Amino acid sequence: MSGASASRVTHVGEITVVALPDGAADLPGWPMAAELANNDPVDWPSYAERNPGGFHGPEHQWRIHNTCFAVISGGETTLVDCGVGAGPYPWYAGLRGELPASMAAAGLAPEDIGRVFLTHAHPDHVGWTFDEERGAPRFPSARYVLHRRDWAEFAGRSPVPKHFTRFVAPLERAGVLDLLDGERDVAPGVTAIETPGHTPGHMSLIIRSRGDGMVISGDVLNSPMYVSEPGRPFGPDLDQETAVRTRVALVERIEAEGWRVAAAHFPEPGFGAVVRVEGKRWFAAL
Ligand SMILES: [Zn+2]
Ligand SMILES: [Zn+2]
């Protein structure tokens with residue numbers, strides 16, 4: 001691994017976690033959504049100061065990063081989420097995903113992936129699942145995992161969202177999609193937990209080895225601000241009340257257990273700790 005990418009690799013006991021950035025985009029209208037949902041203004045400059053690379057512009061607008069993770073445990077490699085894909089992805093300012101290049105830089109080939117874990121079925125998390133040119137799953141050795149309720153949510157919409165038709169439904173037709181529910185181990189030392197609200201079947205991963213722990217939070221935590229203020233609503237959460245309850249519980253659990261966090265939409269690589277400074281909880285990037 002070269003020096004430039006060294007910080008993309010971390011270890012949880014005997015488990016290796018590799019951040020695989022799919023790119024970043026400046027969202028002009030953000031982070032207004034969080035403020036609109038709550039009259040109490042957010043002190044964005046304090047978050048921008050502590051999280052360089054996560055904000056841009058005079059109003060500390062959101063620079064959304066989109067990072068996938070590879071979890072290597074017990075000789076198995078699990079890819080967590082699949083980015084925006086080849087793009088251009090209109091909701092991220094026309095972003096074209098970079099996951100294949102990030103994987104190559106990390107020495108990971110598509111056939112190395114034994115499992116693809118999808119935290120949820122939003123378009124910025126499933127873009128590289130299926131190779132439309134070849135008409136085949138992009139990761140030829142992988143089983144793909146999604147929560148049963150996210151399948152029902154998106155497959156049941158009328159019309160079915162285009163990204164779901166292109167990148168999730170074909171996995172089912174190819175016979176490589178496993179629908180999960182409940183809490184369960186998906187790989188050695190890696191446990192899927194239900195963290196609903198953002199979508200009905202949203203899942204996060206707890207990685208544990210030799211007393212060390214880390215949570216891949218998916219879209220439960222979309223800005224370092226939510227580590228400090230998990231009770232704030234997040235505009236795109238489908239079920240706001242459930243999402244806030246999930247977010248508060250997850251942040252409290254992470255802090256109580258002393259786990260680290262791997263967050264897809266924080267500045268890359270997205271690894272950090274939850275720390276207390278003068279009584280206030282903060283995300284401290286590693
Ligand atoms: Zn999402
Ligand atoms: Zn997302």
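In this predicted model, strands β1 and β2 (residues 15–27) run antiparallel to each other and are joined by four bridges. The two strands make a hairpin with two residues between them. In the turn, G13 adopts a positive phi of about 55°. Two of the facing pairs can be named: V12 is opposite I15 of β2, and H11 has T16 of β2 as its bridge partner.

The side chains of β1 (residues 9–12) alternate along the strand. T10 and V12 are directed to one face and are buried, whereas V9 and H11 are directed to the other face and are not. Strand β2 is mostly covered, with eleven of its 13 residues buried. Strand β2 also pairs with β4 (residues 61–73), again in the antiparallel sense, through ten bridges. Within that pairing, D26 has R63 of β4 as its bridge partner.

Helix α3 (residues 99–105) contains S102. With a relative accessibility of 7%, S102 is buried, because the limit for that class is under 20%. Apart from neighbours within four places in sequence, S102 is in contact with R8, L20 and P21.

**The two zinc sites**

The model holds two zinc ions, ligand 1 and ligand 2, which lie 3.4 Å apart and are bridged by D219. The table sets out the protein donors of each ion.

| Zinc ion | Protein donors | Distance from the ion | Angles among the four donor atoms |
|---|---|---|---|
| Ligand 1 | H120 (NE2), H122 (ND1), H198 (NE2), D219 (OD) | 2.0 to 2.2 Å | 89 to 174° |
| Ligand 2 | D124 (OD), H125 (NE2), D219 (OD), H265 (NE2) | 2.1 to 2.4 Å | 92 to 148° |

The site of ligand 1 is classed as irregular, and the site of ligand 2 is likewise irregular. The reasoning rests on the cut-offs: four donors count as tetrahedral if all angles lie between 85 and 135 degrees. The angles at ligand 2 extend to 148°, and those at ligand 1 extend to 174°. For reference, the ideal angle for four tetrahedral donors is 109.5 degrees.

In sequence, the donor residues of ligand 1 follow the spacing H-x1-H-x75-H-x20-D. The site links distant parts of the chain: H120 belongs to the loop between β6 (115–117) and α4 (123–126), and H198 to the loop between β12 (190–194) and β13 (203–209), 78 residues apart. The donor residues of ligand 2 are spaced D-H-x93-D-x45-H.

Several of these donor residues are buried. Among the donors of ligand 1, H120 is buried with a relative accessible area of 0%, and H198 is buried at 4% relative accessibility. Among the donors of ligand 2, H125 is buried at 1% relative accessibility, and D124 is buried at 7%.

**The seven-strand sheet**

Seven strands form an open sheet of mixed pairing, in the order β11-β12-β13-β14-β15-β16-β17. The edges are occupied by β11 (184–187) and β17 (280–285); each has a single partner strand, so one side of each is left without a neighbour in the sheet. Neighbouring strands of this sheet are turned by 35° against each other on average, direction ignored. In general, the strands of a sheet pair through backbone hydrogen bonds, in either the parallel or the antiparallel sense. At the β17 edge, β16 (residues 271–277) and β17 run antiparallel and are joined by six bridges. One of the facing pairs here is V274 with F283 of β17.

**Helix α5**

Helix α5 (residues 148–155) has D150, W151 and F154 as its buried residues. Viewed down the axis of α5, these buried residues fall within an arc of 105°, so they line one face of the helix. An α-helix has 3.6 residues a turn, so residues three or four places apart point the same way. The elements that cover the buried residues of α5 include two strands, β9 (143–147) and β10 (177–180), and two helices, α6 (162–167) and α7 (169–173).

How values were computed:
Residues are numbered from 1 along each chain as its sequence is written. Chains are lettered from A and ligands numbered from 1 in the order in which they are written. This is a predicted model: local features need pLDDT of at least 70, side-chain atom pairs count only at pLDDT 80 or more; totals for chains, interfaces and linings use all residues. Side-chain values use heavy atoms; hydrogens and water are left out. Donors are N, O and S atoms within 2.8 Å of the metal (3.2 Å for Na, K and Ca); water is not among the atoms, so sites may look incomplete. Four donors count as tetrahedral if all angles lie between 85 and 135 degrees; four count as square planar and six as octahedral if opposite donors are over 155 degrees apart and all others between 65 and 115; anything else is irregular. Buried means under 20% relative accessible area, exposed over 50%, partly exposed in between (1.4 Å probe, protein chains only). The arc is that of the directions from the helix axis to the C-beta atoms. Contact means heavy atoms within 4.5 Å. Two strands pair if DSSP finds at least two bridges between them. Axes are lines fitted to C-alpha atoms, for helices over the stretch in contact, and angles run from 0 to 180 degrees between N-to-C directions.
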